[in-house]
There are 2 protein chains.
Amino acid sequence: MRMIDIEPLTRAAFADFGDVVDAEGAEWIDINQGFAQRVNDLALVDVAEEGGSVNISLFTARARPQPIAITMMEQHPLGTQLFFPLQNAPWLVLVCTDPADRQSYRAFRAAGRQGVNYAKGVWHHPLLVLADHERFIVVDRAGPGCNLQEMWLDAGQVLHLVPRS
Amino acid sequence: MRMIDIEPLTRAAFADFGDVVDAEGAEWIDINQGFAQRVNDLALVDVAEEGGSVNISLFTARARPQPIAITMMEQHPLGTQLFFPLQNAPWLVLVCTDPADRQSYRAFRAAGRQGVNYAKGVWHHPLLVLADHERFIVVDRAGPGCNLQEMWLDAGQVLHLVPRS
């Protein structure tokens with residue numbers, strides 16, 4: 001069984017794949033007469049290609065059996081895709097530069113207060129949660145054109161993820 | 001003391017002010033080989049005016065003393081502004097069509113799984129939470145131009161909100 005190591009999710013480690021949506025280390029600005037603070041510009045949302053517009057969605061997901069068999073990767077050539085968790089629970093992010101090259105895979109453990117925004121064309125696995133009924137808000141693209149490419153792995157290429165608690 | 005009644009937040013009641021971001025009653029679509037479902041198109045994000053772009057932010061807010069004194073309303077003439085809670089806790093939404101006309105105010109109790117997206121130019125109160133340290137993800141506009149108008153109320157115009165638990 002070919003296993004993938006799971007790293008902590010940090011901006012530096014994820015920089016080639018998109019944005020980490022996370023207030024950690026960012027500058028909090030006082031607003032609303034002192035009753036709130038905000039952190040700006042956490043992700044580059046880029047969905048305008050070929051007449052696209054922003055699509056605000058809600059997802060609910062369930063956990064896959066472990067070890068998680070990675071049989072398919074996908075990418076969105078026309079727009080970014082942002083996931084942010086609505087519960088404070090860790091989840092997994094799996095990306096690669098070439099689905100056929102196992103050395104190119106990187107797996108990350110996101111904290112419950114971390115989202116990610118996949119850059120256009122970045123190969124990633126569909127949402128990976130560690131418990132059922134987890135919810136996310138998603139900011140991606142609606143519009144004309146084909147914005148989904150899937151690559152299914154041969155049986156001999158299948159990789160596995162073993163989340164540790 | 002001039003009080004404002006608080007209504008449940010529904011799409012119909014909020015239609016003149018923007019979108020309710022809520023999966024309730026929407027169509028869940030099976031995706032990700034059955035491991036997730038999504039609901040699409042929950043808000044019209046409109047931030048392109050005068051060269052604007054999408055700004056993804058995180059907010060943290062604290063509760064105001066009750067009864068909540070409403071002394072100021074604001075609006076964003078160049079872009080929509082979406083708030084979605086990151087905890088499953090109710091919060092308040094206050095809007096009006098004319099800050100000087102107390103009859104035009106509407107207050108809503110949003111459930112912890114409900115966000116709102118204020119339409120461009122809609123008068124609203126800054127974020128109103130019922131407990132400290134509540135967090136929201138916000139989708140609004142970055143870019144040139146003046147996108148904030150505030151209207152401060154005279155002492156005799158101040159209204160009050162009394163949230164009921």
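Contact means heavy atoms within 4.5 Å. Keep that cut-off in mind for the views below. This is a predicted model: local features need pLDDT of at least 70, side-chain atom pairs count only at pLDDT 80 or more, and totals for chains, interfaces and linings use all residues. Residues are numbered from 1 along each chain as its sequence is written, chains are lettered from A and ligands numbered from 1 in the order in which they are written, and side-chain values use heavy atoms, with hydrogens and water left out.

**View 1. Chain A and chain B meet through the same surface.** Of the interface residues of chain A, 100% are also interface residues in chain B, so the copies share that surface. A turn of 180 degrees and a shift of 0.0 Å along the axis lay chain A on chain B with an RMSD of 0.0 Å. This is the relation of a two-fold axis. In chain A, A:Leu86 has the C-alpha nearest the axis, at 2.5 Å. The superposition is by least squares on the C-alpha atoms of residues with pLDDT of at least 70 in both copies.

**View 2. A salt bridge crosses between the chains.** B:Asp140 and A:Arg38 meet through their side chains (3.2 Å, N to O). A salt bridge here is a side-chain nitrogen of Lys or Arg within 4 Å of a carboxyl oxygen of Asp or Glu. B:Asp140 sits in strand 15 (residues 134–142) of chain B, and A:Arg38 in strand 5 (residues 36–39) of chain A. Strands (E, at least two residues) are DSSP runs, numbered from the N terminus. Both B:Asp140 and A:Arg38 are buried. Buried means under 20% relative accessible area, exposed over 50%, partly exposed in between (1.4 Å probe, protein chains only). Over all chains, the whole structure has 8 salt bridges.

**View 3. A salt bridge joins two loops of chain A.** The closest N and O atoms of A:Asp46 and A:Lys120 are 3.3 Å apart. A:Asp46 lies in the loop between strand 5 and strand 6 (53–61), and A:Lys120 in the loop between strand 12 (115–118) and strand 13 (123–124), so the pair ties together parts 74 residues apart in sequence. A:Asp46 is partly exposed at 27% relative accessibility. A:Lys120 is partly exposed too, at 30%.

**View 4. In chain B, B:Lys120 forms a salt bridge with B:Glu49.** Their closest N and O atoms are 2.6 Å apart. The pair ties together parts that are 71 residues apart in sequence. B:Lys120 is partly exposed at 30% relative accessibility, and B:Glu49 is partly exposed at 35%.

**View 5. The largest nonpolar core has 30 residues.** Such a core is a set of buried Ala, Val, Leu, Ile, Met, Phe, Trp, Tyr and Cys residues joined through side-chain atoms within 4.5 Å. A:Ile56, A:Ile137, B:Ile56 and B:Ile137 have the most contacts inside it. Strands 6, 9 (81–85) and 15 of both chain A and chain B each give two or more residues to this core. Beyond its neighbours within four places in sequence, B:Ile137 touches residues including A:Leu82, A:Phe84 and A:Ile137.

**View 6. Strand 12 of chain A is covered on both faces.** A:Gly115 and A:Asn117 are buried on one side, A:Val116 and A:Tyr118 on the other. Strand 12 pairs with strand 3 (residues 18–21) of chain A in the antiparallel sense over 4 bridges. Two strands pair if DSSP finds at least two bridges between them. A:Val20 stands opposite A:Val116. Strand 9 of chain A also pairs with strand 12 in the antiparallel sense, over 3 bridges. There, A:Leu82 has A:Asn117 as its bridge partner.
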